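The following questions and answers concern a structure with its sequence. Each answer reasons towards the value or name that was requested.

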Amino acid sequence: MTINMPVPTISARAVRKSFGDHVVLDGVDLAVTDGTIFALLGPNGAGKTTMVRILSTLIAADAGDIQVGGHDVASDPDAVRALIGVTGQFSAVDNLLTGEENLRLMADLRHLGRAAGRRRIAELLERFDLTGAARKPLSTYSGGMRRRLDLAMTLVGDPAVIFLDEPTTGLDPRSRRTMWQIIRELVTGGVTIFLTTQYLDEADQLADRVAVLDHGRIVAEGTPAELKRRIPGGHIQLQFAEPDALHAAATMIPDAVPDDDQLILQVPGDGSVASLRRLLNELDETSIDVEHLSIHSPDLDDVFFAVTGHATTHLSADRDEEVLQS
Amino acid sequence: MTSVAYTLTDSATMLRRNLKHQLRYPSLTLMLAGFPIVFLLLFVFVFGGQLGTGLGGHGAGGRGAYLTYVVPGILIITVASAALGTAISVATDMTGGIIDRFRTMAISRGAVLTGHVIGSLLQTLAVLVLVLGVALALGFRSHASALAWLAAAGMLTLFAFALIWLSTALGLAAKSVETASNTPMFLTLLPFLSSAFVATATMPAGLRQFAEYQPFTPITQTIRGLLTGGAIGTQAIAAIAWSVGIALASYLWAVRLYNRRRAATPS
């Protein structure tokens, strides 16, 4: 590592991990800049959770060089632990305590002191909209409330680096949006966030940089915009009322791809106003009636297909199938 | 590195957490107390009249004499029964998500187990007081000196400490809470194969030898000697040796199990 370059908050080089003869991580390199959101994107079984467990000192890598906040995770795990907060995929709350008692437990373990702890707890309950339920047992909490409490517990000690392993998996759309809002607010406060997700739009919405993990390898990395630029997925979609109009338009526009069943014509293009105007003018001159027009901009779904050569759903070996078409 | 002060603070925090669990869900504590109380009632009222006449040396015989004979044994079975709770609460923690949270925090490594062990020890002492209260209500009387009572309390605490560490290790070794509630069951069976309920001299040869050399007999005999009179002799040394040995071996086993990071399932 060169000395005059800014040291990334999280850096990992050539990380390997196997369970038995099953290779989960096969030489992963990552660098996360201070104060940004980094998303590790991949389907179930890609190795995302294993990567988070290694970065957050829960398990040791078989090989590789990993630093978090300038500390080596293998030789100085306690220094790393003092900096980080982790919200795992599975609820890490004490079910026998109330929400407030859970936060109190975290404040005590972070050695916050009585007054400072109480202030922090009140502030977090308020911020996560849990004040009303603070003294209720967790059995009365909804899934979204538990997830918010889980994250609030992670934040008690003001961690500089936060790991979120699939923070919105299993949440309803509304809770999911709330969680996104919370994550965005965190990063404006200067925190560095490393999140994993199997939702392509989530990475697109939140992340400054995205790495695509597939079978334990990083197959693509960049900003969401950079990744999208790598694939020619953008097109204009024209919907026709009758087959004659579709065929007329298809012969007129050379690159267009007709779909006879749905009476749809896909015209490659980036959706710029100039290209749209040109297209509409041509259609106007030949008096072809278009019933409906829509613009499809490339999304990370297209990226995944382009970089791995297979659709995301093919990989989700172990669990739910709905996963990735968001 | 965490200082000694932080180790104490963290252990106290974990102890508070465990005591809060016990207070909020008293059914486990009541179940742990219920088992020895049922045995006390059963053995005194159902079997006591018959068993008491066989005691011979212990005064006039009969139900009253058997009550005096069996209470030390009941106290020992209380300790064994209460230790079951430790395995259950440790396994509940280890199979839940919160243990991973603790492991990613800069907290003293031993604090989680220390909290469980001290919490269980306090729970056991509370259950012992409850069981002893029932025994006194049934007419159990002791002429032991305050010093003898103190020594008996110390012996019971030491033995409880040993069984709680053993139960902690069993809770850590269990893959599920269900397993953890079954594996320490042998601890409640062993008192029956000791001098807790009947004198070992009445047992057939092979069983008698087993009964005389397993830890529950010297510990029962020590408590019996302290509370109701009778020779203790080398039994006290055997009792202390067994307790310290079990505590030490179980402690080392438990810490090893705890530090061995659970093999994570691939994501």
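Two residues are in contact if their C-beta atoms, placed from the backbone, lie within 7 Å. This is a predicted model, in which local features need pLDDT of at least 70 and side-chain atom pairs count only at pLDDT 80 or more, while totals for chains, interfaces and linings use all residues. Residues are numbered from 1 along each chain as its sequence is written, and chains are lettered from A and ligands numbered from 1 in the order in which they are written.

Q: How many residues of chain A are in contact with chain B?
A: The contact criterion is a C-beta separation within 7 Å. On the side of chain B, 24 residues take part, and they meet residues of chain A numbering 31.

Q: Which element gives the most residues to the side of chain B that touches chain A?
A: Helices (H or I, at least four residues) and strands (E, at least two) are DSSP runs, numbered from the N terminus. Two elements of chain B, α1 (4-24) and α4 (98-103), each give two or more residues to the side that touches chain A. With 8 residues, the element that gives the most is α1(B).

Q: How many charged residues does the side of chain B that touches chain A have?
A: Asp, Glu, Lys and Arg count as charged; Ala, Val, Leu, Ile, Met, Phe, Trp, Tyr, Cys and Pro count as nonpolar, and the others, Gly among them, as polar. By these classes, that side of chain B has 10 nonpolar residues and 6 polar ones, and its charged residues number 8.

Q: Which strands are the edge strands of the open sheet in chain A?
A: Two strands pair if DSSP finds at least two bridges between them. The open sheet has 6 strands in the order β6-β7-β8-β3-β9-β10, with mixed pairing. Those that pair on one side only are β6 and β10 (217-222) of chain A.

Q: In which sense do β7(A) and strand β8 of chain A pair?
A: On one side, β7(A) is joined by 4 bridges to strand β6 (residues 84-87), where A:G85 has A:I162 as its bridge partner. Towards strand β8 (residues 192-197), A:V161 stands opposite A:T192. The 5 bridges between β7(A) and β8(A) are parallel.

Q: Is the crossover from β7(A) to β8(A) right-handed or left-handed?
A: A crossover is right-handed if, with the strands pointing away from the viewer, the path from the first strand over the helix to the second runs clockwise. Here the chain passes from β7(A) to β8(A) through helix α6 (residues 173-188), and this β-α-β crossover is right-handed.

Q: How many residues of strand β7 of chain A are buried?
A: A residue is buried if 20 or more other C-beta atoms lie within 10 Å of its own, exposed if 12 or fewer, and partly exposed in between. In a regular strand the side chains alternate between the two faces of the sheet. In β7(A), A:V161, A:F163 and A:D165 are buried on one side, and A:I162 and A:L164 on the other. For this strand (residues 161-165), the buried count is 5 of 5.

Q: Which helix gives the largest share of the largest nonpolar core?
A: A nonpolar core is a set of buried Ala, Val, Leu, Ile, Met, Phe, Trp, Tyr and Cys residues joined through C-beta atoms within 7 Å. The largest has 87 residues, and B:V79 and B:L163 have the most contacts inside it. Its largest share, 20 residues, comes from residues 62-95 of chain B, helix α3.
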